[in-house]
Amino acid sequence: MYLRYAKRLLTETDLRLLWKLTWNFAFKGAIAIQKHKRRLARGDFFPPFIYISIINSCNLRCQGCWVDVAAKQEKIEIDAISRLIRESNEQGNYFFGIVGGEPFMHADILEIFRRHPNCYFQVFTNGHFITDEVAAELRKCGNVTPLISVEGSEIVSDERRGGEAVLNKTMEGIRNCTKHNIVTGVCTSVCKTNLDDLVNETWADRLIELGVLYMWYHTYRPMGPEASPELALSPEEQLRIRQFVVDMRVKKPIAIIDAYYDAEGQALCPAATGFTHHISPWGDIEPCPIVQFAKESIYDDRPLADTFNNSQFLTDFRNLAATHTRGCIVLERPDLLHELTVLHGAKDTTARKTAAAELLAMTPRTSQYNRAKEIPEKSWAYRFAKRHFFNDFGAYDAPRDPLA
Ligand code: SF4
């Protein structure tokens, strides 16, 4: 399987793009993680990966979306994005997740990639704005991988995403990317209505045929004003996805990402481990995209490294999450998270100003942490990668409960 995948990488993408992926993402990413470990060892903190929501606007209206997509447009201007990237480069970070809303609705998105050729960008997108021309530009930049979300069959896609012909437009975006040999990924926020359609070998084979080089299964988070909690997965369904992913990693010539399990199959939260934090379209520095509370901003008048290193709110969030679960504190203990926001007087970073009420209205539920069953990686390659570059970095060893 590994040789088949290597052949796909060498023949289905452009060698210059493959070099950018290898150097800007893999090599520099590995260095960023080593720097993160050294910072942690000396008591300093700066996340090795940052997710930036560059705009709140979107052309779709998905169930469970926490972003104020219908609110007045707010975006981070290109110069502020560049300052954020340069300050992160100083800490050894060269990989950035670009999220939204729909990032391709930001007029300067291509300029971000052009201005920072030494970085690598993963763009979370619905694919609707990736025309043939845009795909050609992305290829020219070479330092971008679109991660395009597919949320179900034609009918389910329209229902899940509050639009018309949603799947067709998304598939067109995927085809434009693979036609230009761009390193392209497809992700799904797996829920009750798309689990059977998209968590199976037939779908994986279809993506391989389309020229897609990696997949990512997120677990549906019932968040925001239209949370649709009935779509959330049961513990058995979450285990089914985990087992499928572990099995396909040794069978299919396509990479499958996850951000919730280490090599031994132990659950983790990438925000609790400090692996990543999130910047909102308003510039707020949040623990993660669905924790819409903050005490700091990228517009604060001090170096970003100081801001991250001295944020008591982010430190307490990491400790709180690590004290109470290896899974998702938002799903499992929204009550404790609310208590923490009150303790810090953290700002509700939403335009709708209902994040606190939404947290209080949430019904606690299970997340990726299944205390009874852990499924270790079968693949030696994923075991190696996770043991060295993606684990809990000791976050669960002796956390201090900030609410104690
Ligand atoms: S808090 Fe939950 S949604 Fe956020 S990174 Fe952790 S597990 Fe994921």
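Among contacts in the protein chain between residues at least 6 apart in sequence, what percentage join residues at least 24 apart? The exercises below start there. This is a predicted model, in which local features need pLDDT of at least 70, side-chain atom pairs count only at pLDDT 80 or more, and totals for chains, interfaces and linings use all residues. Residues are numbered from 1 along each chain as its sequence is written, and side-chain values use heavy atoms, with hydrogens and water left out.

**Exercise 1. Describe the protein chain as a whole.**

Step 1. Take the opening question. A contact means heavy atoms within 4.5 Å. Among contacts between residues at least 6 apart in sequence, 76% join residues at least 24 apart.

Step 2. List the elements. The protein chain has 16 helices and twelve strands. Helices (H or I, at least four residues) and strands (E, at least two) are DSSP runs, numbered from the N terminus.

Step 3. Judge the compactness. The radius of gyration, taken over C-alpha atoms, is compared with the globule rule, 2.2 Å times the number of residues to the power 0.38. The protein chain has a radius of gyration of 20 Å, close to the 22 Å that the rule gives for 404 residues, so it is as compact as a globular protein of that length. Its C-alpha atoms fill a box of roughly 55 × 45 × 45 Å along the principal axes.

Step 4. Look at burial. Buried means under 20% relative accessible area, exposed over 50%, and partly exposed in between (1.4 Å probe, protein chains only). Of the 404 residues, 60% count as buried.

**Exercise 2. Place Asp44 and find its partners.**

Step 1. Locate the residue. Asp44 sits in the loop between helix H2 (15-41) and strand E1 (49-53).

Step 2. Classify it. Asp44 is partly exposed because its relative accessible area is 25%.

Step 3. Find the contacts. Leaving aside neighbours within four places in sequence, Asp44 is in contact with Arg39 and Asn309.

Step 4. Check for polar contacts. A polar contact is a pair of N or O atoms within 3.5 Å; within protein, one must be able to donate a hydrogen and the other to accept it, and residues adjacent in sequence count only if both atoms are side-chain atoms. The Asp44 side chain makes one with the side chain of Arg42 (2.9 Å). It makes another with the side chain of Asn309 (3.3 Å).

**Exercise 3. Is Asp316 buried or exposed, and what does it touch?**

Step 1. Asp316 lies in helix H12 (residues 312-324).

Step 2. Asp316 counts as buried because its relative accessibility is 6%.

Step 3. Not counting residues up to four places away in sequence, Asp316 touches Leu340, His344, Arg400 and Pro402.

Step 4. Turn to helix H14 (residues 334-344). Its buried residues include Leu340 and His344. The buried residues of H14 pack against H12, strand E10 (293-294), helix H13 (329-332) and helix H15 (355-361).

Step 5. See what comes next. H14 is followed by Gly345, whose phi is positive, near 60°.

**Exercise 4. Examine some backbone details.**

Step 1. Find the cis peptide bond. It joins Gly100 and Gly101, with omega about 10°. Gly101 is in the loop between strand E2 (95-99) and helix H4 (109-115).

Step 2. Check Ala165. Its phi is near 50°, a positive value in a residue other than glycine. Ala165 is partly exposed, at 34% relative accessible area.

Step 3. Check Phe393. Its phi is also positive, near 50°. Phe393 follows helix H16 (380-389). At 16% relative accessible area, Phe393 is buried.
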